[in-house]
Protein chains: 2
Amino acid sequence: MNVYEYLLSYDIKPSVQRIAIMDYLLKHHTHPCIDEIYIALHDDIPTLSKTTVYNTLKLFVEHGAAKMLTIDERNACFDGDTSAHAHFQCKCCGRIFDMPMHINENEMNEMTEKGFSVEEVHSYYKGVCPECRKNNSDKN
Amino acid sequence: MNVYEYLLSYDIKPSVQRIAIMDYLLKHHTHPCIDEIYIALHDDIPTLSKTTVYNTLKLFVEHGAAKMLTIDERNACFDGDTSAHAHFQCKCCGRIFDMPMHINENEMNEMTEKGFSVEEVHSYYKGVCPECRKNNSDKN
DNA sequence: AAATAAAATTGTAATAATTACAGAATTGAA
DNA sequence: TTCAATTCTGTAATTATTACAATTTTATTT
């Protein structure tokens, strides 16, 4: 399935900009922020406006085609992988990595029994990634 | 232990402002944002500056006396309870509730084996709280 | 194919959260 | 009491995000 059809499957009308942004999200698993996407696509679409990037990602999130991550304190990041998974942000280089997520049914049941309706599960870790650990130890 | 000694135990020099802010954090489990704290303490300390609230909470987080939550997209929230626990934010009223957290040792081991050094574990849920669910069903 | 209506995009201006910074106030030590 | 260091304050600057009106593009109707 191409990106055009992929957008349609989420009830999103495809446009040049929307296709380019979704394509970027699907091909780059860097969990990009607005600026990263804007800068990356600006070469191909010189008329692209940052407002469009904002609007488009908001649309994607509303339609379930992308997820917004609030892990980074500075600015929101976006993920085209909508499957259930956790994240790891390196405090040193700032990169966000995908991690497996095992949902704990006991916790879920506890919340449901208390009357909470759980719609989203977010799980992330912070620490130092293997690369930065290596670089840091090299300096000593 | 009073708040004065509590701050000292985290290597934080107590001051009128710092004591008031930490006292607020320890007594109110509402996961307040900067504004909530500023407005609440303004009556007692009319000279309090919002910059001081920012600086103080940054200091608390650096010393491990508070945790910053990036659950709410609008602005950062703070938690004086530094023990390991999860959170639940209601999409309807915006309130953040404490939830138990059971750390999954398997996930931890997976990351450690891959070379990641895990320093923080964050887990939160979004959905509708019991109160809002009740109010919503009443409207029908 | 031309005219029209609807939707999407753009750029600028406004808003809001956060940070930088310099001066004032407070604290602690000599 | 004096001096130095620290903390606090208020304003200005910065940055991310949103509002909005004008323009462009797309889809529909005639």
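**Figure 1. Secondary-structure elements at DNA strand D.** Two helices of chain B, α2 (16-27) and α4 (50-62), and one of chain A, α4 (50-62), each supply at least two residues of the surface near DNA strand D. The model shown here is predicted. With three residues, α4(B) gives the most to this surface. In total, 15 residues surround DNA strand D, and the closest are A:Y54, B:S15, B:Q17, B:T47 and B:T52. Of the atoms of DNA strand D that come within 4 Å of the protein, 73% belong to sugar and phosphate. The surface near DNA strand D divides by class into nine polar, three nonpolar and three charged residues.

**Figure 2. Polar contacts to DNA strand D.** A polar backbone atom of B:T47 is 3.0 Å from a phosphate oxygen of DNA strand D. In chain A, a backbone N or O atom of A:A76 lies 3.3 Å from a phosphate oxygen of the strand. The contact of B:T51 involves a base: a polar side-chain atom of B:T51 lies 3.3 Å from a base oxygen of DNA strand D.

**Figure 3. Cysteines of chain B.** The count of disulfides over all chains is zero. B:C77 is in no disulfide, and the nearest cysteine sulfur, that of B:C33, is 6.0 Å away. B:C77 is buried, with a relative accessible area of 6%. B:C92 is likewise in no disulfide; its nearest cysteine sulfur belongs to B:C132 and is 3.5 Å away. B:C92 is partly exposed, at a relative accessible area of 46%.

**Figure 4. The largest pocket.** This pocket has a volume of about 1,300 Å³. Its lining has 50 residues, of which A:M68, A:L69, A:T70, B:E73 and B:K126 lie nearest the centre. Chain A supplies at least two lining residues from each of α3 (34-42), α4, β1 (67-69), β2 (77-79) and β5 (117-128), and chain B does so from β3 (86-90) and β5 (117-128). By class, the lining has 20 nonpolar, 16 charged and 14 polar residues.

**Figure 5. The second largest pocket.** The volume of this pocket is about 930 Å³. It is lined by 40 residues; A:E73, A:K126, B:V61, B:M68 and B:T70 are the closest to its centre. Two or more lining residues come from each of β3 (86-90) and β5 of chain A, and from each of α3 (34-42), α4, β1 (67-69), β3 and β5 of chain B. The largest share, six residues, comes from β5(B). The lining holds 20 nonpolar, 11 charged and nine polar residues.

Note on methods: Residues numbered from 1 in each chain as written. Chains lettered and ligands numbered in written order. Predicted model: local features only at pLDDT ≥ 70, side-chain atom pairs only at ≥ 80, totals over all residues. Heavy atoms only, no water. Near = heavy atom within 4 Å. Polar contact = N/O pair within 3.5 Å; in protein donor to acceptor, adjacent residues only side chain to side chain. Helix = DSSP H or I, 4+ residues; strand = E, 2+ residues; numbered from the N terminus. Nonpolar A, V, L, I, M, F, W, Y, C, P; charged D, E, K, R; others polar. Disulfide = S-S within 2.5 Å. Buried < 20%, exposed > 50% of the residue type's maximum accessible area, 1.4 Å probe, protein only. 1 Å grid on protein atoms, 1.4 Å probe; cavity = no way out; pocket = protein on both sides within 12 Å on 5 of 7 lines; lining within 4 Å. Points joined across faces, edges and corners; volume = space filled by probe spheres on them.
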